[in-house]
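Thank you for asking me to look over this model with you. My comments are set out as numbered points, and it may help to keep the structure open while you read them.

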Amino acid sequence: MSFSLNEVESTSKRAARGAGYSWGHAEEAAKATRWLCAQGLDGVGALARLLQLDLVKPPGAPAPDMNEDDRISQSMLCPLTAGPAVSDRAQQITGSAVSLSNLAMPILLLPFAANAARLLKSCITVTFDGADIVTDGFAISNPSTTPDHAKTVSVRVGGTLTGTVQQQARATPDPTDWTTLNRFAHRTYAPATEESRLRGAGAGLSDND
């Protein structure tokens, strides 16, 4: 079954929020998932697998620091945390490559690299364990691999965009992955109360006749 990109974005946002991410990070996750699906990549599957890893950082936790040896590392790095840090500090990438270690679902880093590419008006190359993927912010080279985990990742300015993937207007995710997103999204729905049930029914209990 296929879904519009709007459906993908709205479901992804609620799913990320239901998994415990802040609304801000959930919105970033939704936009990233939509961007990947528009590129013909499995954004829904990547987000579904990420949410099941439970990598949500506690409220108020600092963003990854890219000033220390240009390297971001922890036991398992979440792309929804590292991605905005890369995008927000795009100017730092012009000086030297940013390196990351032990990144979960590295494909979810690509939309943030694309945003940096648009800001810098230059191609950016993202390397997962030696495999290069290039984006100019609007298109992306066809990735040779999309691993669920990368030991080393680098983000640098430069590269030549070739062999781009075809843009898509709809997504056809694996049904299991779509169900996973909806399961997380369901957590954001407020439980029904007796009052809400009565309002939904329309009549209530009073009779003014």
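1. Is Asp129 buried, partly exposed or exposed? Before answering, please keep in mind that this is a predicted model, and that every value in this note was computed from it. Asp129 has a relative accessible area of 43%, and because buried means under 20% and exposed means over 50%, Asp129 counts as partly exposed. The residue belongs to the loop between strand 4 and strand 5, and its phi is near 45°, which is a positive value in a residue other than glycine.

2. The surroundings of Asp129 deserve a second look. Strand 4, residues 124-128, and strand 5 run antiparallel and are joined by 5 bridges, one of which can be followed by eye, since Thr127 has Asp132 in strand 5 as its bridge partner. The two strands form a hairpin with 2 residues between them, and Asp129, with its positive phi, is found in this hairpin. Strand 5 itself, residues 131-135, is mostly covered, for 4 of its 5 residues are buried.

3. A second residue with a positive phi is Met105, where the angle is about 40° although the residue is not a glycine. Met105 is placed in the loop between strand 3 and helix 6. Is Met105 buried or exposed? Its relative accessible area is 3%, so Met105 is buried, whereas Asp129 is partly exposed.

4. Strand 3, which covers residues 98-104, can be described in a similar way to strand 5. Of its 7 residues, 6 are buried, so that the strand is mostly covered. Its partner is strand 6, residues 149-157, and the two pair in the antiparallel sense over 6 bridges; as an example to find on screen, Ser99 has Ser154 in strand 6 as its bridge partner. When you inspect these strands, it is useful to remember that in a regular strand the side chains alternate between the two faces of the sheet.

5. Which two residues form the aromatic pair? The count comes to 1 aromatic pair, and that pair is made by Phe3 and Trp178, which are stacked, with 4.0 Å from centre to centre and 20° between the planes. The pair links distant parts of the chain, since Phe3 is in strand 1 (residues 3-4) and Trp178 is in helix 7 (residues 175-186), 175 residues apart. Both partners of the pair, Phe3 and Trp178, are buried.

6. Two arginines should be examined together with aromatic rings. The charged end of Arg183 sits over the ring of Phe184, 5.0 Å from its centre, while Arg118 lies over the face of Phe138, at 6.0 Å from the ring centre.

7. Arg118 appears again in the description of the second largest pocket, where about 230 Å³ of space lies. The pocket is lined by 13 residues, and those closest to its centre are Glu28, Lys31, Pro111, Asn115 and Arg118. Which helices each supply at least two residues of this lining? They are helix 2 (23-38), helix 4 (79-88) and helix 6 (110-120), and the largest share, 6 residues, comes from helix 2. By residue class, the lining divides into 6 nonpolar, 2 polar and 5 charged residues.

8. Helix 1, residues 5-18, is a good place to compare two residues of one element. Val8 is found in this helix, and because its relative accessibility is 0%, Val8 counts as buried. Although Val8 and Leu181 are 173 residues apart in sequence, their C-alpha atoms are 9.6 Å apart in space. Asn6 also has its place in helix 1, but Asn6 is exposed, with a relative accessible area of 52%. The C-alpha atoms of Asn6 and Ala30, which are 24 residues apart along the chain, are separated by 9.6 Å.

9. Finally, please look at Arg49, which lies in helix 3, residues 43-51. Arg49 is partly exposed, with a relative accessible area of 28%. From the C-alpha of Arg49 to that of Ala104 the separation in space is 9.4 Å, and the two are 55 residues apart in sequence.

Methods: Residues are numbered from 1 along each chain as its sequence is written. This is a predicted model: local features need pLDDT of at least 70, side-chain atom pairs count only at pLDDT 80 or more; totals for chains, interfaces and linings use all residues. Side-chain values use heavy atoms; hydrogens and water are left out. On a 1 Å grid over the protein atoms alone, a cavity is a set of points where a 1.4 Å probe fits but cannot get out, and a pocket is an open set with protein on both sides within 12 Å along at least five of seven lines; lining residues have an atom within 4 Å of a point. Grid points are joined across faces, edges and corners, and a volume is the space filled by probe spheres set on the points. Ala, Val, Leu, Ile, Met, Phe, Trp, Tyr, Cys and Pro count as nonpolar, Asp, Glu, Lys and Arg as charged, and the others, Gly among them, as polar. Rings of Phe, Tyr and Trp (its six-membered ring) pair if their centres lie within 6.5 Å; planes under 30 degrees apart count as stacked, over 60 as edge-to-face and the rest as tilted. Buried means under 20% relative accessible area, exposed over 50%, partly exposed in between (1.4 Å probe, protein chains only). A charge sits over a ring if NZ of Lys or CZ of Arg is within 6 Å of the ring centre and within 35 degrees of the ring normal. Two strands pair if DSSP finds at least two bridges between them.
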